[in-house]
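Me: I've got a fold on my screen and I'd like to talk it through. Shall we take it one question at a time?

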Amino acid sequence: MNITPPIGRIMDTSRQPCGYSPGDTDANTCMQPATWHIAWDADLENGLACDEHMIYAKQFAYVDRHPVGVDCAMPGSTWDFEEKRCGYPGSSAPAVAHAAAGQPGEQG
Ligand SMILES: [Zn+2]
Ligand SMILES: [Zn+2]
């Protein structure tokens, strides 16, 4: 099975448009701002969709999705399945701060 969904073309995500593009041509590309970030497979082949085309995308199997956030477009950010967002594990990202907040002064 190697069905390529119509959403998921590789693109510059810095402007975060919806990736819906029948025939994969510029003329048919939906240019609405994306609201959903979709991971299509375990390799995190991913795409972006607006609300309208998220409904369409649901016809296809996907691994995970989350609302588009600022980190989705950042180079090197990784998909966080638990937090339902993109981010930077191991950096001073919000995820680290909130993990540390629960246990003050337990070192030593
Ligand atoms: Zn769209
Ligand atoms: Zn994302």
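Reply: Sure. One term before we start: helices and strands here are DSSP runs, at least four residues for a helix and at least two for a strand, numbered from the N terminus. Keep in mind that this is a predicted model.

Me: In what order do the elements of the chain run from the N terminus on?

Reply: The secondary structure comes to two helices and five strands. Reading from the N terminus, the order is β-β-α-β-β-β-α.

Me: What pLDDT does the chain average, and which stretches fall below 50?

Reply: At least 70 is the score for 69% of the residues, and the chain averages a pLDDT of 75. One stretch below 50 still has 21 contacts in the model beyond near neighbours in sequence, and that is residues 7-14. Another has four such contacts, and that is residues 95-103.

Me: Three strands form an open sheet, so to speak. Which are its edge strands?

Reply: The order is β2-β1-β3, with antiparallel pairing. An edge strand pairs on one side only, which here picks out β2 and β3.

Me: By how many degrees are neighbouring strands of this sheet turned against each other on average?

Reply: In general, strands of a sheet pair through backbone hydrogen bonds, either parallel or antiparallel. Here β1 and β3 go for the antiparallel sense, over four bridges. Ignoring direction, the average turn between neighbouring strands of the sheet is 20°.

Me: Which residue in β3 is the bridge partner of H37, and is that residue buried or exposed?

Reply: The partner sits in strand β3, and its C-alpha is 5.4 Å from that of H37, although H66 and H37 are 29 residues apart in sequence. Leaving out residues up to four places away, H66 touches H37, K84 and R85. The bridge partner of H37 is H66. With 17 other C-beta atoms within 10 Å, H66 falls between the cut-offs of 20 or more for buried and 12 or fewer for exposed, so the call is partly exposed.

Me: K84 turns up there too. What is its phi?

Reply: K84 lies in the loop between β4 (78-80) and β5 (85-87). It has 13 C-beta neighbours inside 10 Å, so it counts as partly exposed. K84 is not a glycine, yet its phi is positive, at about 55°.

Me: And L44: is it buried or exposed?

Reply: L44 belongs to the loop between β1 and β2. Like K84, it isn't a glycine, and its phi is positive at about 60°. It has 12 C-beta neighbours inside 10 Å, so L44 counts as exposed.

Me: Which residues touch the most other members of the largest nonpolar core?

Reply: That core has 13 residues, and β1 (36-39) and β2 (46-49) each supply at least two of them. One of the members, W36, contacts L48, A49, M54, R65, P67 and V68 once neighbours within four places are set aside. The residues touching the most other members are C18, A34, W36, I38, L48, A49 and V68.

Me: How far is M31 from C50, C-alpha to C-alpha?

Reply: M31 lies in the segment before β1. It counts as exposed because it has 11 C-beta neighbours inside 10 Å. M31 and C50 are 19 residues apart along the chain, and their C-alpha separation is 9.0 Å.

Me: Last one: what percentage of the residues count as buried?

Reply: For contacts between residues at least 6 apart in sequence, 39% join residues at least 24 apart. Of the 108 residues of the chain, the share that counts as buried is 22%.

Key
Residues are numbered from 1 along each chain as its sequence is written. Chains are lettered from A and ligands numbered from 1 in the order in which they are written. This is a predicted model: local features need pLDDT of at least 70, side-chain atom pairs count only at pLDDT 80 or more; totals for chains, interfaces and linings use all residues. Two residues are in contact if their C-beta atoms, placed from the backbone, lie within 7 Å. A nonpolar core is a set of buried Ala, Val, Leu, Ile, Met, Phe, Trp, Tyr and Cys residues joined through C-beta atoms within 7 Å. Two strands pair if DSSP finds at least two bridges between them. Axes are lines fitted to C-alpha atoms, for helices over the stretch in contact, and angles run from 0 to 180 degrees between N-to-C directions. pLDDT is the predictor's confidence in each residue, from 0 to 100.
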